[in-house]
Structure formats: C-alpha cells, structure tokens
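Biologist: Hi! Could you walk me through this model? I'd like to start with a loop and then wander about a bit.

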Amino acid sequence: MGDNLAQKILKSHLVSGRVSSGEEIGIKIDQTLTQDATGTMAYLQFEAINTPRVKTELSVSYIDHNTLQTGFENADDHAFLQSCAARFGLYFSRPGNGICHQVHLERFGVPGKTLLGSDSHTPTAGGLGMLAMGAGGLDVAVAMGGGAFYLKDPKVVKIGLYGERPDWVSAKDIILEVLRRLSVKGGVGKVFEYSGPGVLSLTVPERATITNMGAELGATSSLFPSDEQTRLFLKAQAREKDWIPLAADEDAEYDEEITLDLSTLEPLAAQPHMPDNVAPISTLADIKVHQVAIGSCTNSSYLDLMTAAAILKGKTVSADVSLVIAPGSRQVLTMLANNGALTDLLDAGARILESACGPCIGMGQSPASGAVSLRTFNRNFEGRSGTADAGIYLVSPEVAAASAVTGYITDPRTLGKAPQIEVPLSFRIDDSLIIAPGNPETQIVRGPNIKPLPVTSKLEDHYRLPVVIKLGDNITTDDIMPAGAKVLPFRSNVPILSEFVFSKIDPQFPARAKAAGKGIIIAGHNYGQGSSREHAALVPMYLGIRAVLAKSFARIHKDNLVNFGILPLSFVQEEDYDKIDVDTNLSIIDLLEAVIHNKPLVLHIDGTQTKIPVQHNLTERQAKIVLAGGLLNYTRES
Ligand code: F3S
C-alpha cells in the first residue's frame, strides 16, 4: 500500500511517534512564520527559551495585522519585531509588503516542506504542496529553537475534484461547498488532500483560497499536490529551483473520501454569522448591500483582483455601496498599477487600502450599524467586523464586484461571459521590503508597550476554583480575547489586554476574575474555535484561570491552553453542564496523580453532594507541560 501526500511529508519529517497511528507524533519544522499580532509574544517567548539564533531552514516575521499608526504602541511593536528578526536570524517583511500568507506563497513557500505559523490560516501554503499548520506563538517559538512540533496524527481525507467548473464558479465556491457539506467542525483532526482531474484547472493562488479556508473547517491542514501548475507559479516567481514534483502514490489509502463534481457548482455565499451557513447566491439575489470588501489572505491574489477589475471596468460602484479593496501584497498592487487595472478600480469608485489584513481583523472599515457587507474574506463571526449588528456574507471576488455595481447581492452569471484573466508568466519581483536576517549583536528595541512575559506556577494538587464565567457552544477566540483597533495595539501588553477578556460577552468578567484571583471557565462545545490567537489562553492565565471545563475544544486552542498551563477538562456526562452555575466553587483533589497517570478526575460542587466526573485526555507530553505550568517552563526544564 502506498502513501498519500500527507503521510509522505509527515514521514519525511517524523521525530517521534508513528504516522497513521492516530496518536501523538512529533515532526521537524522547516519554516516558520509569525504576524505582528502574535509575533511580539512569540519573540518574547523565543528570547526566554534562550537560543541565540533560529534553527529552522527559514523563518519570517511579517507585519500585516495592525499597520495603522494610531499611537506609539504600534511603532514600538514594529521596532521590537524588526530588532528581534535581525538578532535572532529571521527575514522581516515590513508593513506594506503584504499579508503573511500571500507573501509567503509568493516568496518563501517550498513544496514538500513543513511550515508552522502563529496564524490559523497558515495552511494557505498547502496550495503549494507544503504541509502548513497554524499553532500558538509558543509552539512556533519552540520550533524556531529547533524543537519538534507535536500533533495528533491526523486522519487524511481525500477530496476528489471531477468535472469542469462552470463559468463564474470560483475556487471560493469550491471551499464554500465543502464547508456547506462538512460544517465548521467537519475538519477537526484531519488533513484534506485534494486530488483528481479538477486539480489541474486550479492555479496555485486558487488552490491557496481553498487551503486557506480549510481552517474554517477546523482542519489541521489542507494540501494540493505539487505539479506543473506549481512549477509554473514558482517559475513566474523566479523560484523554479524550489520546485519538486509531489503527489500521493497511485495506491494510496485514505481515512475518508469525498467527491465533488465541479460541474454542478454555482456561486455561493456564507451567510451571517458562520462560514458554514452557505447558500446559493441565486437565493439571496435581492438583498441590499452597503459595503463590499475585497482582500484578505483568502482572496487578494493578482488573479482575484484582476477578475474584480475586469468586472468593474467602465462601470460605477452603486452610490449606496462603499467598495474597499486591500491587495494581498505589494507585488499584486504594483502589478495592478503597472497594467492599468488599478486605474480601472479607482475609476469605478473603489477605495484602495494598504496591502494588509485591514478590515479582516477589524482594523478600519467597520460597516454601518445594521449594514450588509459582502466580503471575500474567510470569517464572518458576529462582531468581528467591529459592528455588532452588521451582517457579513463571505463571497468570491466575482460576486463581490458584481454586487458593488448593482447595490444588491448579484449572481455574476447574469453578467454574461466571465472575464478570462491571463495567468502571468512572470510576476513583478521586488523584495526591497523584506529585510534579510541581521547581526546577532543587534540590540532588541523595547519600548514601554513591550511588557515582560507573564508566567504561571506549577500545577498544584488541590484547588478550590470559583466558576468565573459560564459560556455556551462555539465560543471563538475572538469572543475570549477580542482584536480590533482598540485592543490590537496592546498585543504585547498583557496587563492592559486583560481588561478586554470576554468584554463582548460579559464586560464584568475581568474585574470578577481579578477579584477572585483564580478560577475555572465552564463552556459548551467547540470552545476556542476560530483562530490560533494564543492571547486567548495567555491572558486568561494572567487573570488566574487554572482550568477550562468544556463539552469539547477546538484543536489549536486546546493546545494553547496546555501551553499556558491551563488544564483543559471535558465532561464525561454532558448533562452535568447544567448542574454548574457562575459563582459556585468547584473543588479538585488529587489532581497531580490524575494528570500524571491519566486517571479519572472528579470535581465537587462546594456545599452540595454533587460530583462531576471529568476527563483531560492529555498525552503524556501534554500532561508534563501542564504540570510544569506551561510549555515555556517545560522547555526550560528539559
Ligand atoms: Fe489577516 Fe484576516 Fe488572514 S486577519 S492573516 S487576512 S484571516
């Protein structure tokens, strides 16, 4: 029996465990990336590990999330990140150079390599045939120091693409169809491997749109083979030397197989407020639109924006619509400027934003109250846009551009023939905004916004923990630790950040947690879904949270809880969730024995006879990390 592609890459990077065992494996990481929102912590952590230079083949620090200079805090953070990159041996992608995933695809990604990024959409690079995964900044710091990355050996799902894509059906519609079928929980613990004749018709940036939104499925990663399309893309990026052919063996086996007949697809949208709430555009056709945003790491490539420009050329954006466009990279923006497409966009009335995440992370362009915003992005969680009651629809650039003109959600098939965009044989190469690794003697620049790294103590044997908050299902990392213009400048200032924890759900939470000094969080299913934001574990740790008891966890967030010494517990009997109220106290005894030997654990509700059986399901390594008070303590000790 041959290997599938995921197995091949995992086997060639295996450090511990056994591929296809379903158990924890450790793999060597070739490349890492960070972005500024997670990077400041990652480099403080790397510094604390005490390794002079990164040990990966290549590591890049990007500035793309918070590029607005509203106060000294951003400038401080950027200076800190630039000095860390020089000192520790990383490439530094300056603000304005583009969104990390787009730039990584263009300038750094290599088929067959492993990439770990402190951003949940790191699997975008799977469009190039990399095994790319999102993780917390601390995991990335450890990988930069030469440590292995540990994950549960994933199930591998084959998605066979067959049939011919109809006009106006884009890569975005393919992944929205997968989300419609499998839901935001459908990818947990899985790698999606795309194959079949339909793969050939997809360019690398289109493949990257699909692998990007694998994150919305909750997947560990998504992968395309490295084929002729990959070679042509790398050649056009003047990097043909990085190309190798890579594909699954003919007789490869998969844990699951799904078939998608591309000829049956039509333009789709994810409706408010979940990426899997998918409906055909044809059923949404008369909804009035107030804002259209084209960009983000999902759909901001040269082909995406050329398609939008072709649709908008010679037309005028509806008077009731604000059309904002953020090109994914400076390469994309300068190519549009050189070939005249930028003028077509401006003539149509588009507002051009910096090449950065921008509105996707709530940095500007929040829609008006109650507005409908069509976005080519990957997430539409309630409030993420910065406007609590806005309705966000996730769509392709084709639907976005067509709707910007009419002012209503518009099926682009009504426009006639789809534009045929020529795939460039060479992209414009200018790496002058990428600074190569610098002098190891570089002094780290530490402004007043760079606060020391908080640490926690070792796990104790007994706790009496007040329930400081009780939450429902699908709590996102955004709900736990919001981003946006008010919060992002303090990404390296945990004392200030702690005032925003759960502020969207329960503004009293920070004060209550501080007063309690310690506590436990109760939650429903899929706690911590949505991103790799480790601040969603780090800042609660700072507030004294020692455990989270949930019906289930999102993978990256569970890992982040472990990394920060917070014990992730799940109910043995889900109905016990109803027995716990806020402000009750839960007592835990003999905790160390239970964690070390994976024994059953029982929580007692104080003042009652009620006992709640719980489980932790930690691997031996994770148990040691929690016992040590987090990955940083564990790494220093080992
Ligand atoms: Fe940035 Fe949004 Fe992607 S915040 S990295 S464009 S998901």
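Modeller: Happy to. This is a predicted model, and a good loop to start with is the one between strand E13 (268-270) and strand E14 (278-280), where His-273 is found.

Biologist: What kind of peptide bond joins Pro-272 and His-273?

Modeller: A cis one, with omega at about 0 degrees.

Biologist: Okay, zooming out. How is the protein chain divided into domains?

Modeller: There are domain 1 (5-264), domain 2 (273-415) and domain 3 (463-637). His-273, from that loop, is where domain 2 (273-415) begins.

Biologist: How far apart are the C-alpha centres of domain 2 and domain 3?

Modeller: They lie 37 Å apart. The two do touch: eight residues of domain 2 are in contact with eight residues of domain 3. On the domain 2 side of that contact, the residues divide into three nonpolar, three polar and two charged.

Biologist: And the ligand, where does it lie relative to domain 1 and domain 2?

Modeller: Between them, because both domain 1 (5-264) and domain 2 (273-415) give residues to the shell around the ligand.

Biologist: Which residues surround the ligand?

Modeller: The shell consists of His-65, Ile-99, Cys-100, His-101, Asp-119, His-121, Ser-296, Cys-297, Cys-357, Cys-360, Ile-361 and Asn-378.

Biologist: How do the residues of that shell divide into nonpolar, polar and charged?

Modeller: Six are nonpolar, five are polar and one is charged.

Biologist: Let's switch to helices. Is H2 mostly enclosed or open to the outside?

Modeller: Largely enclosed by the rest of the structure, since 11 of its 14 residues are buried. The buried ones are Asp-36, Ala-37, Thr-38, Gly-39, Thr-40, Met-41, Ala-42, Tyr-43, Leu-44, Gln-45 and Phe-46.

Biologist: What covers those buried residues of H2?

Modeller: The cover includes strand E3 (31-34) and strand E4 (58-62), along with helix H3 (72-88), helix H5 (137-144), helix H16 (535-542) and helix H20 (631-637).

Biologist: How does the end-to-end distance of H2 fit with its number of residues?

Modeller: The two agree: at 1.5 Å a residue, the 14 residues of H2 (residues 36-49) should span 20 Å, and the end C-alpha atoms are 20 Å apart. Just after H2 comes Asn-50, which has a positive phi, near 70 degrees.

Biologist: What about H10, which of its residues are buried?

Modeller: In helix H10 (residues 330-339) they are Arg-330, Gln-331, Val-332, Leu-333 and Leu-336. These pack against helix H4 (100-107), helix H9 (302-312) and helix H11 (341-348). The residue that follows H10 is Gly-340, and its phi is positive too, near 90 degrees.

Biologist: Which residue in the loop between helix H18 (591-596) and strand E26 (601-605) should I look at?

Modeller: Try Asn-598. Its phi is positive, about 50 degrees, although Asn-598 is not a glycine. Asn-598 counts as partly exposed because 14 other C-beta atoms lie within 10 Å.

Biologist: And Asn-617, is that one buried or exposed?

Modeller: Exposed, because Asn-617 has 11 C-beta neighbours inside 10 Å. You'll find Asn-617 in the loop between strand E27 (611-615) and helix H19 (620-628), and its phi is also positive, near 50 degrees.

Biologist: Changing topic, what does UniProt list for residues 517-573?

Modeller: The unreviewed entry gives "domain: Aconitase A/isopropylmalate dehydratase small subunit swivel" for them. In the model that span is 30% helix and 28% strand, and its end C-alpha atoms lie 29 Å apart.

Biologist: Phe-571 falls within those numbers. Where is Phe-571 found, and what does it touch?

Modeller: Phe-571 is in strand E24 (residues 567-571). Leaving out residues up to four places away in sequence, Phe-571 touches Leu-549, Lys-551, Asp-576, Tyr-577 and Val-614. Phe-571 is buried, because 21 other C-beta atoms lie within 10 Å.

Biologist: One last thing: how far apart are Gln-443 and Cys-84 in sequence and in space?

Modeller: They are 359 residues apart in sequence, and 8.3 Å apart in space from C-alpha to C-alpha. Gln-443 sits in the loop between strand E20 (434-435) and strand E21 (463-470), and Gln-443 is exposed, with 9 other C-beta atoms within 10 Å.

Definitions and conventions:
Residues numbered from 1 in each chain as written. Predicted model: local features only at pLDDT ≥ 70, side-chain atom pairs only at ≥ 80, totals over all residues. Near = placed C-beta within 6 Å. Nonpolar A, V, L, I, M, F, W, Y, C, P; charged D, E, K, R; others polar. Domains from an automatic or database assignment. Contact = placed C-beta atoms within 7 Å. Helix = DSSP H or I, 4+ residues; strand = E, 2+ residues; numbered from the N terminus. Expected span 1.5 Å × (residues − 1). Buried ≥ 20, exposed ≤ 12 C-beta atoms within 10 Å, placed from the backbone. UniProt positions renumbered as here; feature names shortened; annotations may be inferred.
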